[in-house]
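Please open the model in your viewer and keep the selection panel at hand. The tour goes from one selection to the next and says what is there at each stop.

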Amino acid sequence: MAEKTLFSSDEIAGRVAELGAEISSYFRNRPLTAVTVMTGGICFAADLIRQINLPLWVDYISASSYRGTQSCGEVCIKAKPELDCTGRHILLIDDIIDSGFTLNCLVEYFKKLDAAEVKSCVLLDKASARQKNGLCAADWTGFKVPDAFVVGYGLDCDEEFRNSADIRLMTD
Ligand code: IMP
Ligand code: MG
């Protein structure tokens, strides 16, 4: 498989700064807890939280629904958050929405932990796949992407490519 650049590191940085400003403005009067969805959200979350101009708590949850390039249709929570989420204003940060299943499950998971509020931010949204399932978008989205497999900036293909600074489309 070959790869083609979809978003350069400069384009990503510009969009992350815009998202950080919007999120800062929304959470201005709410104590914010940023929860990264590991492992794919690692690069995006590291950059995004530094663009949020507010004090915040940081935690993570480890979840996955993919093996290779296929969703296995089941969200597996491999590590739970450390913090007690009761009454917290949570911002879930993930790399990408494909079917929408993972993010929707995680929003419900945090609501069941009695969070005061659960918002979500994803860098990429495969809108056509998500809409087919009738699932909601994240509250903040960086870019819409085609319904194809992408890697880099945290996103992997069988654990490869996570450390690419840009986001690439896998092509045959
Ligand atoms: P969903 O549950 O189908 O929305 O899948 C979301 C999760 O699958 C994301 O958090 C990613 O970790 C992974 N994923 C979905 N599409 C891609 C992709 O194109 N490249 C890499 N990982 C992906
Ligand atoms: Mg993921």
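Helices (H or I, at least four residues) and strands (E, at least two) are taken as DSSP runs and numbered from the N terminus. The model is a predicted one, which should be kept in mind at every stop.

Begin by selecting ligand 1 together with strand E3 (56-67), strand E5 (89-97) and helix H3 (101-112), each of which supplies at least two residues of the shell around the ligand. Within that shell, E5 gives the most, with four residues. Colouring the shell by residue class shows eight nonpolar, four polar and five charged residues.

Next, narrow the selection to Asp98, Ser99, Gly100, Thr102 and Val150, which come nearest of the 17 residues around ligand 1. Three of these deserve a distance label: a polar side-chain atom of Ser99 lies 2.5 Å from an oxygen atom of ligand 1, while at Gly100 a backbone N or O atom is 2.8 Å from an oxygen atom of the ligand. At Val150, a polar backbone atom is found 2.6 Å from a nitrogen atom of ligand 1. With a surface switched on, consider that ligand 1 taken alone exposes 490 Å², of which the protein buries 93%.

Finally, leave the ligand and select helix H1 (residues 9-26) with helix H2 (residues 42-49). How do these two helices pack, in angle and in distance between axes? Their angle is about 60° and their axes are 9 Å apart, and H1 and H2 are therefore oblique to each other. Where H1 and H2 cross, the crossing is right-handed.

Key
Residues numbered from 1 in each chain as written. Chains lettered and ligands numbered in written order. Predicted model: local features only at pLDDT ≥ 70, side-chain atom pairs only at ≥ 80, totals over all residues. Heavy atoms only, no water. Near = heavy atom within 4 Å. Polar contact = N/O pair within 3.5 Å; in protein donor to acceptor, adjacent residues only side chain to side chain. Areas by Shrake-Rupley, 256 points an atom, 1.4 Å probe, with all protein chains shown as cover. Nonpolar A, V, L, I, M, F, W, Y, C, P; charged D, E, K, R; others polar. Axes fitted to C-alpha atoms, helices over the stretch in contact; angles between N-to-C directions. Parallel < 35°, antiparallel > 145°, perpendicular 65-115°, else oblique. Left-handed = near helix turned anticlockwise from the far one by under 90°.
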